[in-house]
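Hi there,

Here is the structure I promised to pass on to you. Please have it open while you read, and my notes on what turned up follow just below.

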Amino acid sequence: FLIGEVWDASGKVTTAWSEGWNAAVLRDYAVPAQDPMLALVCEYRKGVATYDASRDLTDEENEALAAATWRASYERLCQAPPAPTTNIGAIEAVRLVSHESIHGGYQPALIENVLAAVATFLEGRAAA
């Protein structure tokens, strides 16, 4: 497979999955579209799903696909995640940390920074 063919095929699967996920979150939690943490978590999950749907890539293709799908959102989660602005944004951030800790290995930057952003949100809610 050429990376373009894999990208097109996996993009279709990921788009359908992501649209279903986002619709379910919006339906179940009435989430404002402007929650930056929730948007970042959804972007990362979509990128990972696209990446995971690819098969039989060379190392170079694998690296290019990672850079094109999940790496930018992952780095933002590790370096400077935004504080959530809704309860569901906070919940999904904690779920992401839990999932990544179990399935993605120990990632201290993601764990510490995402949880710090969630704590900022919760502290603000408690003070209000």
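Read along the sequence, the protein chain runs α-α-α-α-α-α. That comes to six helices and zero strands. Please keep in mind that this is a predicted model. The chain has 128 residues, and 35% of them are buried. Among contacts with a separation of 6 or more, 77% join residues that are 24 or more positions apart.

**How H2 packs against H3 and H4**

Helix H2 covers residues 36-52 and helix H3 covers residues 59-69; the two pack at an angle of about 160°, with their axes 9 Å apart. An angle over 145° counts as roughly antiparallel, so H2 is roughly antiparallel to H3. The crossing of H2 past H3 is right-handed. On the H2 side, the contact is made by Gly 47, Thr 50 and Tyr 51, while H3 brings in Asn 62, Leu 65, Ala 66 and Thr 69. Sorted by character, the residues of this contact between H2 and H3 are three nonpolar, four polar and no charged.

The partner at the other contact of H2 described here is helix H4, residues 71-79. H2 and H4 pack at an angle of about 140°, and their axes are 8 Å apart. That angle makes H2 oblique to H4. H2 passes H4 in a left-handed crossing. Here Met 37, Leu 40, Glu 43 and Tyr 44 of H2 meet Ser 73, Tyr 74, Arg 76 and Leu 77 of H4. The residues of the contact of H2 with H4 divide into five nonpolar, one polar and two charged.

**Arg 76**

One residue of that contact is worth a look on your screen. Arg 76 sits in helix H4. With 41% relative accessibility, Arg 76 counts as partly exposed. Leaving aside residues up to four places away in sequence, Arg 76 touches Leu 40, Pro 81 and Pro 82. You can also compare its position with Asn 113: the two residues are 37 apart along the chain, and the C-alpha atoms of Arg 76 and Asn 113 are separated by 9.6 Å.

**The loop between H2 and H3**

Which residue has a positive phi although it is not a glycine? It is Asp 56, where phi is about 50°. Asp 56 is placed in the loop between H2 and H3. Its relative accessible area is 72%, so Asp 56 is exposed.

**Val 94 and Leu 115**

Val 94 lies in helix H5, which spans residues 87-103, and Leu 115 lies in helix H6, which spans residues 108-127. Along the chain, Val 94 and Leu 115 are 21 residues apart, and their C-alpha atoms are separated by 6.9 Å. Not counting residues up to four places away in sequence, Val 94 touches Leu 115 and Val 118. By the same count, Leu 115 touches Val 94, Val 97 and Leu 110. Another pair to look up is Leu 115 and Ala 90, which are 25 residues apart in sequence and 8.9 Å apart in space, C-alpha to C-alpha.

Are these two residues buried, exposed or partly exposed? Val 94 is partly exposed, with a relative accessible area of 38%. Leu 115 is partly exposed as well, with a relative accessible area of 36%.

**Cysteines**

You may well be wondering about disulfides. A disulfide is a covalent bond between the sulfur atoms of two cysteines. A search of the whole structure finds zero disulfides. Buried means under 20% relative accessible area. Cys 42 has 11% relative accessibility, so Cys 42 counts as buried. Cys 78 has a relative accessible area of 10%, so Cys 78 is buried too.

Happy browsing, and all the best!

Technical notes:
Residues are numbered from 1 along each chain as its sequence is written. This is a predicted model: local features need pLDDT of at least 70, side-chain atom pairs count only at pLDDT 80 or more; totals for chains, interfaces and linings use all residues. Side-chain values use heavy atoms; hydrogens and water are left out. Axes are lines fitted to C-alpha atoms, for helices over the stretch in contact, and angles run from 0 to 180 degrees between N-to-C directions. Helices (H or I, at least four residues) and strands (E, at least two) are DSSP runs, numbered from the N terminus. Angles under 35 degrees count as roughly parallel, over 145 as roughly antiparallel, 65 to 115 as roughly perpendicular and the rest as oblique. A crossing is left-handed if the near helix is turned anticlockwise from the far one by less than a right angle, and right-handed if clockwise. Contact means heavy atoms within 4.5 Å. Ala, Val, Leu, Ile, Met, Phe, Trp, Tyr, Cys and Pro count as nonpolar, Asp, Glu, Lys and Arg as charged, and the others, Gly among them, as polar. A disulfide is a pair of cysteine sulfur atoms within 2.5 Å. Buried means under 20% relative accessible area, exposed over 50%, partly exposed in between (1.4 Å probe, protein chains only).
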